[in-house]
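Here's a quick briefing to keep beside you while you turn the model around on screen. Take a look first, then read on.

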Amino acid sequence: MFKKLPGDETARLVSTTPDTAVVFRPAVVQTPAVLTVAIAVWRMLTGALGLVWRHPIALTITAGLGVIWTRYGYLHVLTLAGLAIATGVSWALVDRPSFLRLVGWPLLAWWRLVTVYRRHWQPVMIVSGLGRYLRGRDCLPRLLAVTCTPWADLVTVKMLSGQAVTDWTDRTEHLAHGFGATSCRITVQRSGRLQLTFPRSDPLAIPLPAIPIPETASAGPVQVGIQENGHPWLLKLHGTHVLVAGATGAGKGSVIWSVIRGLLPAVRVGLVQVWALDPKLMELSYGRAIFGDRYAADPDACADLLDAAVKVMQERAGRFAGVQRNHTPTVEDPFVLVVVDEVAFLTAYQPDKHLRQRVTAALATLTTQGRAVGVGVLAALQDPRKEVMNIRNLFPDKIALRLDESEQVDMVLGDGARDRGALADLISPRPEAGAGIGYVRLEASPDPVRVRAAYVSDADIRAMAAEFAPVGEAV
Ligand SMILES: Nc1ncnc2c1ncn2[C@@H]1O[C@H](COP(=O)(O)OP(=O)(O)OP(=O)(O)O)[C@@H](O)[C@H]1O
């Protein structure tokens with residue numbers, strides 16, 4: 001009946017010494033057929049009981065419908081099914097979020113589990129090398145659960161004993177293509193358990209218009225855009241320093257301007273000051289009126305402005321010493337945000353060595369001592385290599401927009417960030433599809449989060465400058 005029975009290959013396992021003089025064959029004990037059949041029946045029974053245990057509601061409904069069909073005929077079953085569908089549709093129309101949470105997403109998750117993940121699990125695991133075929137048996141990581149969110153499938157997996165997280169992060173491409181997704185991100189849930197995120201659609205595909213200027217004055221965090229899961233992307237600036245790295249056209253300007261936009265009400269009431277260094281004479285010059293005197297484009301003027309910021313910082317440090325350890329923005333001591341567009345113009349491409357050293361020293365002083373006294377730096381950079389920006393590690397928070405090379409991702413976000421799914425080098429170079437998209441490591445989590453900054457157009461900047469120009473001039 002069977003051409004090959006499980007265990008047959010053991011009998012054919014033959015090993016020899018190099019000269020083939022001695023042949024080793026394993027001793028094979030034939031299991032009686034009756035025992036094999038008994039074991040198979042036992043497995044079927046326990047499997048059926050397990051099914052009842054795991055899916056009591058589904059089985060009760062199916063059994064109930066079967067009973068109604070046999071007792072009262074199929075018309076009753078069709079009527080009940082019609083009623084259930086009508087109730088579902090009305091629920092979805094009246095309260096869509098609760099319908100999706102309780103019925104829609106769980107149903108989709110079940111469908112994706114059956115048609116995608118369970119179906120392709122064995123071949124994908126074996127081909128990618130995450131599973132093994134050992135002694136005639138498949139040893140596979142366990143697929144524990146699939147849940148669906150509006151934009152992604154979240155697959156919970158139990159790793160094989162002895163596997164490391166890097167075994168999985170090295171194979172994100174195999175997993176993404178194996179399960180028909182564009183990418184795969186891996187997060188550790190707890191020891192031995194991982195969550196794989198497979199996006200089904202891209203909520204960041206459509207550019208986001210500028211976020212409305214907040215009503216209340218606050219030194220942050222400010223909303224810069226949205227996260228991949230649809231939540232706002234809030235960027236903290238007070239009490240930290242932020243480095244934004246991205247190739248030309250990656251959308252660094254949209255991050256800078258979204259930050260300034262979010263801080264404007266606080267600038268108006270004097271809780272925040274934005275000092276702008278614009279060595280490329282491009283990005284920040286649009287909204288020059290907002291910065292008043294605190295704008296510099298010429299390299300010498302930039303160095304002077306940085307030195308002035310260092311002075312403010314040192315003066316505050318002298319006053320705060322032994323009195324307070326953290327800064328709270330007030331009108332007397334506002335939060336000073338030093339914004340530097342294309343910092344490499346001042347630290348690497350500047351031909352005047354003395355000026356280069358002066359700027360680097362001032363930036364290093366601000367980024368090492370400014371946090372506690374309310375002086376922060378937001379710097380943008382095209383090339384994140386150490387030769388270009390040797391103080392990049394002094395910035396606690398980093399954002400990687402589109403980068404030219406895969407190695408640059410870890411340079412910006414830290415070791416292992418790309419393996420964990422920060423594919424900043426694969427972001428589309430088409431502005432409408434990729435500008436403003438990037439990866440950021442939020443404070444709460446080591447895993448990179450995909451975000452898109454809102455696009456602050458030239459018209460928005462002009463409107464901001466027109467409305468807030470007196471603020472810059474007055475301070
Ligand atoms: N958040 C965004 N959403 C959609 N499109 C954007 C966004 N940011 C920028 N763009 C588009 O991309 C173009 C380039 O953006 P931007 O000048 O900000 O890039 P950049 O990184 O500052 O480049 P460079 O370093 O060359 O100045 C813009 O002209 C705009 O059309």
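What follows covers confidence, the two domains, their sheets and the ligand site.

This is a predicted model, so keep the confidence scores in mind, because coordinates should not be read in detail where pLDDT is low. The domain assignment splits the protein into domain 1 (120-201) and domain 2 (222-474). There's an open sheet of four strands, another open sheet of 10 strands, and a ligand with 16 residues around it.

**Confidence**

- The protein's average pLDDT is 87, and 93% of its residues reach at least 70.
- For the complex, the predictor reports an ipTM of 0.95 alongside a pTM of 0.76.

**How the domains meet**

- Measure from centre to centre over C-alpha atoms and you get 37 Å between domain 1 and domain 2.
- Where they touch, domain 1 puts in 12 residues and domain 2 puts in eight.
- On the domain 1 side, helix H6 (165-169) and E7 are the elements that supply two or more residues.
- E7 is the top contributor there, with three residues.
- That side of domain 1 is made up of six polar, four nonpolar and two charged residues.

**The four-stranded sheet**

- Reading across, the strands run E5-E6-E8-E7, and the pairing is antiparallel.
- Strand E5 (142-148) and strand E7 (185-190) sit at the edges, each pairing on one side only.
- Neighbouring strands are turned by 25° against each other on average, ignoring direction.
- E5 pairs with strand E6 (residues 152-158) in the antiparallel sense, over six bridges.
- If you want one pair to find on screen, try Cys 148, whose bridge partner in E6 is Asp 153.
- Helix H5 (residues 96-128) packs on this sheet and touches E5 and E6, its direction making about 145° with that of E5.

**The 10-stranded sheet**

- This one has mixed pairing, in the order E10-E9-E18-E17-E16-E11-E15-E14-E12-E13.
- Strand E10 (232-235) and strand E13 (295-296) stand at its edges; each has a single partner strand, so one side of each has no neighbour in the sheet.
- Further in, strand E14 (residues 335-340) and strand E15 (residues 375-381) pair in the parallel sense over five bridges.
- Val 338 has Val 377 as its bridge partner in E15.
- H8 packs on this sheet, and the strands it touches include strand E9 (222-227), E10, strand E11 (242-245), E14 and E15.
- The direction of H8 makes about 140° with that of E9.

**Around the ligand**

- Which residues come nearest to the ligand? Out of the 16 around it, they're Gly 251, Gly 253, Ser 254, Ala 435 and Gly 436.
- Helix H8 (residues 252-269) turns up again here: it gives the most to the shell around the ligand, with three residues.
- By class, that shell counts eight polar, six nonpolar and two charged residues.

Key:
Residues numbered from 1 in each chain as written. Predicted model: local features only at pLDDT ≥ 70, side-chain atom pairs only at ≥ 80, totals over all residues. Near = placed C-beta within 6 Å. Nonpolar A, V, L, I, M, F, W, Y, C, P; charged D, E, K, R; others polar. Pairing = 2+ DSSP bridges. Axes fitted to C-alpha atoms, helices over the stretch in contact; angles between N-to-C directions. Contact = placed C-beta atoms within 7 Å. pLDDT = per-residue confidence, 0-100. Domains from an automatic or database assignment.
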